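Please work through the following exercises with the structure open beside you, trying each task before reading its solution.

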Amino acid sequence: MTNITLLEAVTQALAYELAHDENVVVFGEDVGLNGGVFRATDGLQLRFGANRVMDTPLAESMIAGLAIGMAAQGLKPVAEFQFMGFSYPALDNILNHAARLRNRTRGRLHCPAVFRMPFGGGIHAPEHHSESTEALYAHIPGLQVVIPSSPARAYGLLLAAIRSPDPIIFLEPKRIYRLVKQEVPDNGVALPLEKAFVLREGSDITLISWGASMHETQQAAEALAQEGISAEIIDIASIKPLDTATIVNSVNKTGRCVIVHEAAKSGGLGAEIAAQIGEKALLSLLAPIQRVTGYDTVMPYFKLENSYIPSVARIIHAAKLTLEFS
Amino acid sequence: MTIATFTIDYYQYLKPDGTLCQPRPLDLNDKTLLKLYRLMHLLRIFDGRAINLQRVGKLGTYAGVLGQEAIGVAIGHAMNADDVLVPYYRDYGAQYQRGVAFHKILQYWGGDERGSDFDNAEDFPICVPIASQNVIAAGVATAIKYRNQKRAVVTTIGEGGTSEGDFYEAINVAGAWNLPVVFVVNNNQWAISVSRGQQTHSQTIAQKAIAAGFSGEQVDGNDVIAVHERVRIALEKARNGGGPTLIEAITYRLCDHTTADDASRYRPKEELEKAWLEEPLVRLRTYLTAQKLWDDSKEEALLLECRKEIDKDVDIYLNIEIAPVTDIVDYMYAKWPESLKDQRDTLLQFGDSHHD
């Protein structure tokens, strides 16, 4: 077995579901012969045909509408938005229809669609290509928002998303699309949604993150380990709904917590996680929760983007503030 | 040099004075015509009752259909049971024929989601965010095409809605993919207070289909024969791989936009009076009477019978028990997330305290 990247794991999961469920249909801008701008659908049209892997006209709201109509007919549409920054014209259909179809028909219709979007900064992309607005989607009742941070979790979570009976926003951290390789058996085994993953157990502090920032978070944990500090690392993975039990268990154990995300601070998912800890584990806390996040600014264009994205140094600094609090 | 030209045809059978301007289509026999006449009356009586219920505080904001009865009634009758309707919010005439009881429509406007859990497995519920239903209809049509089924989709929209991006995105993909979908535009001249002329400089709305690569046509939307015939033909074409059609049905909104609107603020009185001379029921009655198919006693009996039917629906509606508060959460997801259990518990504890 060869090692594959997160991007290749996405392709592998799409191919597995296309091969095993004829109701699965993949579509979006340039996903056909071109294989998508990041090549996430590379080779799928050749293998499965142009009626199952479809290039659409360039219209995001329509892409969402197609997915909703197809899903209501019992298909399992997997729609790609080329970049998260281009998904907003589709928000009307995602929010007003995909997210509420089951509720507003009292279960008569439902919407088993997946909306895939590459997101986040760090690849020196053009303007509007680098935002992290996962909180926007996580705030919408009826949606689930899933973010993988490793090849294995990309494969297992995307399988689960496609098989889910409800609409899923599947955000792919493009900065780590090709960063690491990992063995990912193509066995069709899905990972559970609604679960956070403890990537490393520790006793002194809990480091929480998701998506591309998992990478810096893990590096920070390594550096802390060199100094004898034992950090527990949690990959949230499902940012809506949140696996609060795993978070609370960890904080009950460590008493200290740093939350890391690339998105802007105010109203970000870090705020929700901190609030959940405040509600459910306040008396376990030995120090205030620290958030290491993007700023409440526009995501800088690429010359300055690395000044925006949470760095290892900032995470270590925040961890130390937490550890030294008394 | 000219590299493209187009024509837009206008279809009418029954003129406002109740005489035919061309022979009736063969498939519309007397019996069917009488049925359509009854349905239009039933719808008008329903509509009046709904507005009365709103006025006395027993219904929420309601969108009326007065003057536009022919369109929904014709669509509903022209469709096959296994076609799919993706409507906007003035299509009760079509919905009723497809399994949506009038008490369900009242239940919907009465603030109860269960009104959209009606007796049709595939049709979409009323769509409020303007034009989004059109792109969803394209998705339904894509699924039908993907499965090589001989079925078609009808999606409706008001003329104001055709200014929305979703309308253009929908007709564009329908043309590009040759989708089995019929777009029916209810051009009732007013989008709340904005007139047809303010909406677009396009001579017709039908011609917008030309830009999307398929045919568009105008039909007298107050002529139930014409609407029925053109929708029937468009559906047959769609089911047989002929692709989409855009039908612009010219009518007039004799009512307010909704019960929350007061059209007298913007609609010229003379225009309204003139529009009443062209409404769909009187012309069909005049025709049926001239054909010796109808008379005053039949009219009286029909009105009585329709009122009784609507009375039953109103009675059912007014006696519906309020849904359990857990319905608020229990249809959000296939399974309410474990991590949100405390919210459901809170709802169970306090949710009943706000009821009347």
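## Exercise 1: The surroundings of a strand

In this predicted model, β6(A) and β7(A) form a parallel pair that is held over three bridges. Determine which other strand is joined to β7(A), and work out why β7(A) counts as largely enclosed.

Solution. Begin with the pairing just given, where Val146(A) has Phe170(A) as its bridge partner in β7(A). Next, turn to strand β5 (residues 114–119) of chain A, which runs parallel to β7(A) and is joined to it by six bridges; here the bridge partner of Phe115(A) in β7(A) is Ile169(A). Then follow the chain itself, since β6(A), α7(A) and β7(A) together make a β-α-β unit that is right-handed.

For the second part, consider the side chains. In a regular strand they alternate between the two faces of the sheet. Ile168(A), Phe170(A) and Glu172(A) point one way from β7(A), while Ile169(A), Leu171(A) and Pro173(A) point the other way, and all are buried. The strand is largely enclosed by the rest of the structure because six of its six residues, those of β7(A), are buried.

## Exercise 2: Two domains in chain A

Find where the two domains of chain A begin and end, and describe the side of domain 1 of chain A that touches domain 2 of chain A.

Solution. The domain assignment places domain 1 of chain A at 3–183 and domain 2 at 197–324. Their C-alpha centres are 26 Å apart, and the contact between them involves 27 residues of domain 1 of chain A and 24 residues of domain 2 of chain A. On the domain 1 side, the elements that give two or more residues are α6 (134–138), β6 (144–146), α7 (151–163) and β7 (168–173) of chain A. Sorted by class, this side of domain 1 of chain A has 13 nonpolar, nine polar and five charged residues.

## Exercise 3: A strand with two partners

Is strand β13 (residues 257–264) of chain A mostly covered or mostly uncovered, and what lies on the path from β13(A) to β14(A)?

Solution. Taking the covering first, eight of the eight residues of β13(A) are buried, and the strand is mostly covered. As for its partners, strand β10 (residues 205–209) of chain A runs parallel to β13(A) and is joined to it by three bridges, with Val258(A) in β13(A) as the bridge partner of Leu207(A). Strand β14 (residues 290–294) of chain A also pairs with β13(A) in the parallel sense, over five bridges, and Ile259(A) finds its bridge partner, Arg291(A), in β14(A). Between β13(A) and β14(A) the chain passes through helix α10 (residues 269–280) of chain A, and this β-α-β crossover is right-handed.

## Exercise 4: Chain B and its contact with chain A

Describe how chain B is divided into domains, and identify which element gives the most to the side of chain B that touches chain A.

Solution. Chain B is assigned a domain 1 at 9–321 and a domain 2 at 325–356, and the centres of these domains, taken over C-alpha atoms, are separated by 37 Å. Turning to the two chains, 31 residues of chain B are in contact with 37 residues of chain A. The elements of chain B that give two or more residues to this side are α5 (132–146) and α6 (165–176), and α5(B) gives the most, with 10 residues. By class, the side of chain B that touches chain A has 18 nonpolar, seven polar and six charged residues. As a last step, consider the confidence of the prediction: the average pLDDT of chain B is 97, and the predictor gives the complex an ipTM of 0.97 and a pTM of 0.97.

Definitions and conventions:
Residues numbered from 1 in each chain as written. Chains lettered and ligands numbered in written order. Predicted model: local features only at pLDDT ≥ 70, side-chain atom pairs only at ≥ 80, totals over all residues. pLDDT = per-residue confidence, 0-100. Domains from an automatic or database assignment. Contact = placed C-beta atoms within 7 Å. Helix = DSSP H or I, 4+ residues; strand = E, 2+ residues; numbered from the N terminus. Nonpolar A, V, L, I, M, F, W, Y, C, P; charged D, E, K, R; others polar. Buried ≥ 20, exposed ≤ 12 C-beta atoms within 10 Å, placed from the backbone. Pairing = 2+ DSSP bridges. Right-handed = clockwise from strand over helix to strand, strands pointing away.
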